[in-house]
Amino acid sequence: MNHIVEINEVDLCYEILGAEHQQTIVLISGLGSQMIRWDDTFCELLVQHGLRVIRFDNRDSGMSVFHSHKPLNFTGNHQTFFSKIKAEDIPYSLMDMAKDVIGLLDYLQIEKAHFAGRSMGGIIAQLLGSYYPERVLSLTIIMSTSLNPALPPSDPDVMAMMMKPSVDPIADKEGYIKDKLFFARRISGDLYKLDENLEREMIEEELTRSNTKDGIIRQLLAIATYRYDREVLTRIKIPTLVIHGTQDPIFHPDCGKDIADSIPDAQFILIEGMGHSIPPELYPSIYDQITELSPGVRA
């Protein structure tokens, strides 16, 4: 069941699965993606093995509405817009998004939790581990980056797809879905075939849950204006697992290795054939890796 709570000028949508007495894991989604990308099957696997799961929509995605006092006045293509916007015009930062997570824990009266973040959610997880270590039991960082500017860039064709304006789903729903499916195929690894029927269902469900306009632009601005600082990572002393795919076209495998190399004693697992998605075939393996990270997680 979805719940809405106001935190930091955001109507934050979240869902809790599992018993209250169990240890809690908070799942943090990626750029523009909704909490349902941590799908029911994955969440139920965690619950069955002794975890209470909290998944939520980041601000400006899904049903989490950010009440902005600074309209973007977005026109034209993304690259032109990004080249002209000034730092003082940025609506919020990645740290603000991390504070949303802490605000949710405070509201739910949860002192500490495990965190798993995918893609942008992995960057937010790094901030939580560095700035709020007293709230974090363990970190799992999946297909993410430290945003170190020395790291390899995203594949050019994928970046172009991400930066071009989306098809309006109201005017052309089928065209919108077609574009999303093409992108999903492109970022999936070769060894794990995309289930296009399930992906279409997910895209359509996301459309029904989406309550924001230009949210992905504001999230991109938060990422683009983040200043890389290796000390953010070296300060993390919490048990940390970094998982990355060999065929990730958005964040090169070196991005995952950089995170693991920068966090003291972090474990790094490189998965052959995995792209910038988590194939259902890997759910049991990833669950095992998460629960082996910290003693006492398993039921």
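**Notebook: ring contacts and helix α7**

I began with charges over rings and found R235 over the face of Y131, at 5.0 Å from the ring centre. I note here that the model is predicted. I then looked up W38, where the charged end of R118 sits over the ring, 4.9 Å from its centre.

**Entry on aromatic pairs**

I next asked how many aromatic pairs the rule gives. The count comes to 4. I took the pair F42 and Y283: the ring centres are 5.2 Å apart and the planes stand at 65°, so I entered the pair as edge-to-face. The cut-off I applied for that label is an angle over 60 degrees. I then located the two residues and found F42 in helix α1 (residues 40-48) and Y283 in helix α11 (residues 283-293). The pair therefore links distant parts of the chain, 241 residues apart. I checked accessibility, and both F42 and Y283 are buried.

I turned to F66 and Y92, which also form an edge-to-face pair, with 4.9 Å from centre to centre and 80° between the planes. I placed F66 in strand β5 (residues 65-66) and Y92 in the loop between α2 (78-84) and α3 (94-108), so this pair ties together parts that are 26 residues apart in sequence. Both F66 and Y92 are buried.

I also looked for rings joined through several pairs and found W38, F42 and Y283 linked into a cluster. I record that W38 in this cluster is the residue whose ring lies under the charged end of R118.

**Entry on helix α7**

I then examined helix α7, which runs over residues 196-209 and has 14 residues. From its first C-alpha to its last I read 20 Å, close to the 20 Å expected at 1.5 Å a residue.

Which residues of α7 are buried? I listed E199, M202, I203, E206 and R209. They cover an arc of only 125° around the axis, which means that they lie on the same side of α7. I noted the general background: an α-helix has 3.6 residues a turn, so residues three or four places apart point the same way. On the other side of α7 I found N197, E201 and T208 exposed.

I asked what covers the buried residues of α7. The cover includes β2 (10-17) and α6 (173-187).

Last, I inspected the start of α7, where a side-chain oxygen of D195 reaches to within 3.2 Å of the backbone nitrogen of N197. N197 is thus entered twice, in this contact and among the exposed residues of α7.

Conventions:
Residues numbered from 1 in each chain as written. Predicted model: local features only at pLDDT ≥ 70, side-chain atom pairs only at ≥ 80, totals over all residues. Heavy atoms only, no water. Helix = DSSP H or I, 4+ residues; strand = E, 2+ residues; numbered from the N terminus. Expected span 1.5 Å × (residues − 1). Buried < 20%, exposed > 50% of the residue type's maximum accessible area, 1.4 Å probe, protein only. Arc of directions from axis to C-beta. Contact = heavy atoms within 4.5 Å. Polar contact = N/O pair within 3.5 Å; in protein donor to acceptor, adjacent residues only side chain to side chain. Phe/Tyr/Trp six-rings, centres within 6.5 Å; stacked < 30°, edge-to-face > 60°. Lys NZ or Arg CZ within 6 Å of the ring centre and 35° of its normal.
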